Each structure stands twice: as C-alpha cells, then as structure tokens.
Amino acid sequence: MVDLHCHLLPGIDDGPESLEGSLALARAQVAAGVNVVAATPHVDLEYGNRSADIQAGIEQFNLALVEHGIELKVVNGAEITLTLANELEKDELAALRLGEGPWLLLEAPLSAGAFGFENLVRQAQTRGHKVLLAHPERCPEIQRDPDLATGLVRNGVLMQITAGSLSGSFGTTVQECAFELVARGLVHNVASDAHDARRRPPGLLASLEEVGMSEYASYWCESVPAAIISGGEIPNPPTSFPAARSKSWRRYFGRR
Ligand SMILES: [Fe+2]
C-alpha cells in the first residue's frame, strides 16, 4: 500500500523528534502493509519548512532505511496549509508536490469560520497544480455543508480522508462526516496522517477493517495513491460505496 500522508521525517515538525522515532514509525508502516510513504511535513507558518529541507531529509532518511534493512521507500511531499499555498513562489510550490506527479496535498482548514476556503483551493488549481485535499472530514465547514465537498470534487479536487476518522479516533462528528463523504463517492484516498509509532500510529487496513470497508483498500490505498505519485491517470472508482451509517450502527460498532 501507499500512504500519502505521514509525518515521518525526524525533527522537522510534530512528527518524531529523533531518527529512532522515525525508524520506529517506518517499521510500523511496513508491519501495517505499507511499502511506499510520501513524507508530508507541515509547510505552514509554525514550522517554516521548505522544499530543500524536506528533500534533504527524505534523501537522508531513505539511506537510513536501507542501512537498517527496512523495506520502505519514501517519496516527496508536504502538507501545505491553504493560506500559505498561494503565497509560495511558483517553483517552491511545485517542489512540494507528491512524488513525481502534479498533485499538491493541501490541508483542509480545521478551524470553524474558514468561509470561502474553496476559493484558495481554486487559486492553487489556477496556478497549474492538481489538489488532493487532506482530511476534509475534519473541516468544520464541510461537516456543516458536505455539498462544499461535492463542489470541490466536481472541480477536479481529490479527497483524502484519514483512516482514523473512519474508525472514530477523532470523535463522532468527524466519523459521521467521513461516512457521509464515502457514501457520496467523494473519497479517493485514505491515508494515515501518522505522527509516530504509538500516539498516532499508521494502520490503514486495520481502520478499514474495523468499519467493514477493507474491500476498498485497493482503490483508496493502492491504485489511486500510486497514480498520484507517478502522475498517472487516476483509476475509475468502484461502482458503489457503502451508504452512510446510522447513529445506532456507530453506537454499536464505533468508538465513542
Ligand atoms: Fe498531517
């Protein structure tokens, strides 16, 4: 599987602080069935990471993986905060794309009141990038109005939800929104957004199994992310997705 959202590099953001921590996370990814990870450090006002730092970090970390016999390949990426995306220079923004393709991972706003954020997404698209939107299910504006997500997808945006959102790690509001996006056929990719091997560990398949959606793993976690990092054609979706779950289903099966 291919994980397109992982805070894997040591000491660069709120992922692992040390190389040992990053290697532990890499081992956990491999144990969970992942063989390719896009390293996606935060590119925002807090951490100030730039493409040169990220690329150097990836190069060093891939060498460390070989040295430690961990069969994982790390490719380029970044989780870019929306407000910053359009302020970055053209070449800098392009250097933050996922793998070798034309896709940027832009972070859906996590605070309420981010009205009109879809205009910022559109602006990135008009600058020549394709947009994969990270965790729309955690965005209060999309929770309030899922039609916003429908509109974004109609305009060519792909949606990446966090595996833990489906299994309830972020609460029932996020879980309900994740199910709604799945039911509407608006989910193209499921990623871990892992930050370390314990506190926010990887576990794509485990989360999908927990909610009875493992049959979609090959689309969400293999074929679509592989196409994104190679710049290939995005595969057609499965013919149907599970209907939105009722609250009673979640009370019975879901975490509270
Ligand atoms: Fe993240």
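**Exercise 1.** In this predicted model, find which residue stands opposite Leu106 in strand 6, and place strand 6 among its neighbours.

*Solution.*
1. The residue opposite Leu106 is Ile80.
2. Strand 5 (residues 79-81) pairs with strand 6 in the parallel sense, over three bridges.
3. Strand 7 (residues 130-134) also pairs with strand 6 in the parallel sense, here over five bridges. Glu107 stands opposite Ala134 of strand 7.
4. Strand 6, helix 5 (residues 117-126) and strand 7 form a β-α-β unit, and this unit is right-handed.

**Exercise 2.** Determine how many of the residues of strand 6 (residues 103-107) are buried, and on which sides they lie.

*Solution.*
1. Five of the five residues are buried.
2. In a regular strand, side chains alternate between the two faces of the sheet.
3. Trp103, Leu105 and Glu107 are on one side, whereas Leu104 and Leu106 are on the other.
4. Both faces of strand 6 are therefore covered.

**Exercise 3.** Sort residues of helix 2 (residues 51-67) into buried and exposed, and explain how the buried ones are arranged.

*Solution.*
1. Helix 2 has 17 residues and spans 24 Å from first to last C-alpha, close to the 24 Å expected.
2. Ile54, Gly57, Ile58, Phe61 and Leu65 are buried.
3. Viewed down the axis of helix 2, these buried residues fall within an arc of 105°, so they line one face.
4. An α-helix has 3.6 residues a turn, so residues three or four places apart point the same way.
5. The face turned away from the buried side carries the exposed residues Ala52, Ala56, Glu59, Leu63, Val66 and Glu67.
6. Cover for the buried residues includes helix 1 (19-31), strand 2 (36-39) and strand 4 (73-75).
7. After helix 2 comes Gly69, with a positive phi near 65°.

Notes
Residues are numbered from 1 along each chain as its sequence is written. This is a predicted model: local features need pLDDT of at least 70, side-chain atom pairs count only at pLDDT 80 or more; totals for chains, interfaces and linings use all residues. Helices (H or I, at least four residues) and strands (E, at least two) are DSSP runs, numbered from the N terminus. The expected span of a helix is 1.5 Å times one less than its number of residues. A residue is buried if 20 or more other C-beta atoms lie within 10 Å of its own, exposed if 12 or fewer, and partly exposed in between; C-beta atoms are placed from the backbone. The arc is that of the directions from the helix axis to the C-beta atoms. Two residues are in contact if their C-beta atoms, placed from the backbone, lie within 7 Å. Two strands pair if DSSP finds at least two bridges between them. A crossover is right-handed if, with the strands pointing away from the viewer, the path from the first strand over the helix to the second runs clockwise.
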